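Ready for a few exercises on a protein chain? Have a go at each task yourself before you read its solution.

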Amino acid sequence: LDESVPLKPLSHFGLERVSEKPRPSPRRGIDLHRALLSGSITMEAKGTGFGADALELKFENKSSQDCEVAIQQGSIFQHIDWQHRQNLMVKMDYFVLVRAGEVLVKN
């Protein structure tokens with residue numbers, strides 16, 4: 001990378017911030033971002049490689065009601081300790097039922 005070349009905006013790549021342009025509601029369940037912002041669900045994500053089972057998600061349902069979380073196609077999980085590795089993108093809608101008070105780990 002050359003420091004003299006400015007970073008390109010998200011719009012250059014067709015990416016948009018969910019906070020600025022909310023996604024349409026999923027066909028069922030509650031959108032992952034909405035669930036996290038509401039505080040009813042917490043999540044930890046860990047990359048474990050590439051391909052199948054490359055992403056491990058740990059959900060905790062803090063509410064007294066079951067919650068079906070919709071991880072919508074196109075969601076991107078970014079590396080927080082950037083090591084010049086590829087970010088992970090969800091290629092199809094994925095639904096996770098997290099029971100009230102449950103901690104659930106999914107790969």
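**Exercise 1. How do the residues that line the largest pocket divide into nonpolar, polar and charged?**

Solution. The lining splits into 20 nonpolar, eight polar and seven charged residues. Here Ala, Val, Leu, Ile, Met, Phe, Trp, Tyr, Cys and Pro count as nonpolar, Asp, Glu, Lys and Arg as charged, and the others, Gly among them, as polar.

Before going on, note that this is a predicted model, where local features need pLDDT of at least 70 and side-chain atom pairs count only at pLDDT 80 or more, while totals for chains, interfaces and linings use all residues. Residues are numbered from 1 along each chain as its sequence is written, and side-chain values use heavy atoms, with hydrogens and water left out.

Next, the pocket itself: its volume is about 1400 Å³. (A pocket is an open set of points on a 1 Å grid over the protein atoms alone, where a 1.4 Å probe fits, with protein on both sides within 12 Å along at least five of seven lines; lining residues have an atom within 4 Å of a point. The volume is the space filled by probe spheres set on the points, which are joined across faces, edges and corners.) Of the 35 lining residues, Leu 10, Leu 15, Ile 76, Gln 78 and Asn 87 are the closest to the centre.

Last step: α1 (32-38), β2, β5 (76-77) and β6 each give two or more residues to this lining, and α1 has the largest share, with three. (These elements are DSSP runs numbered from the N terminus: helices are H or I, at least four residues, and strands are E, at least two.)

**Exercise 2. Which side chains of strand β3 are buried?**

Solution. Walk along residues 55-61 and watch the side chains alternate. Leu 55, Leu 57, Phe 59 and Asn 61 point to one face and are buried; Glu 56, Lys 58 and Glu 60 point to the other face and are not. (Buried means under 20% relative accessible area, exposed over 50%, partly exposed in between, with a 1.4 Å probe and protein chains only.)

Now look sideways. Strand β2 (residues 41-47) runs antiparallel to β3, joined to it by seven bridges, and Ala 45 sits opposite Leu 57. With strand β8 (residues 103-106), β3 makes four bridges, also antiparallel. There, Leu 57 has Lys 106 as its bridge partner, and Lys 58 faces Val 105. (Strands pair if DSSP finds at least two bridges between them.)

Put it together: the open sheet has three strands in the order β2-β3-β8. β2 and β8 are at the edges with a single partner strand each, so one side of each has no neighbour in the sheet.

**Exercise 3. Which residue forms a salt bridge with Asp 93?**

Solution. Go to Arg 27: the closest N and O atoms of this pair are 3.7 Å apart. (A salt bridge is a side-chain nitrogen of Lys or Arg within 4 Å of a carboxyl oxygen of Asp or Glu.) The two partners are 66 residues apart, with Asp 93 in the loop between β6 (88-89) and β7 (94-98) and Arg 27 in the segment before β1 (30-31). Asp 93 is partly exposed at 25% relative accessible area, whereas Arg 27 is exposed at 64%.

By the salt-bridge rule the count is four, and another one joins Glu 68 and Arg 28 at 2.9 Å, N to O. Glu 68 is in strand β4 (residues 67-71) and Arg 28 in the segment before β1, so this pair ties together parts 40 residues apart in sequence.
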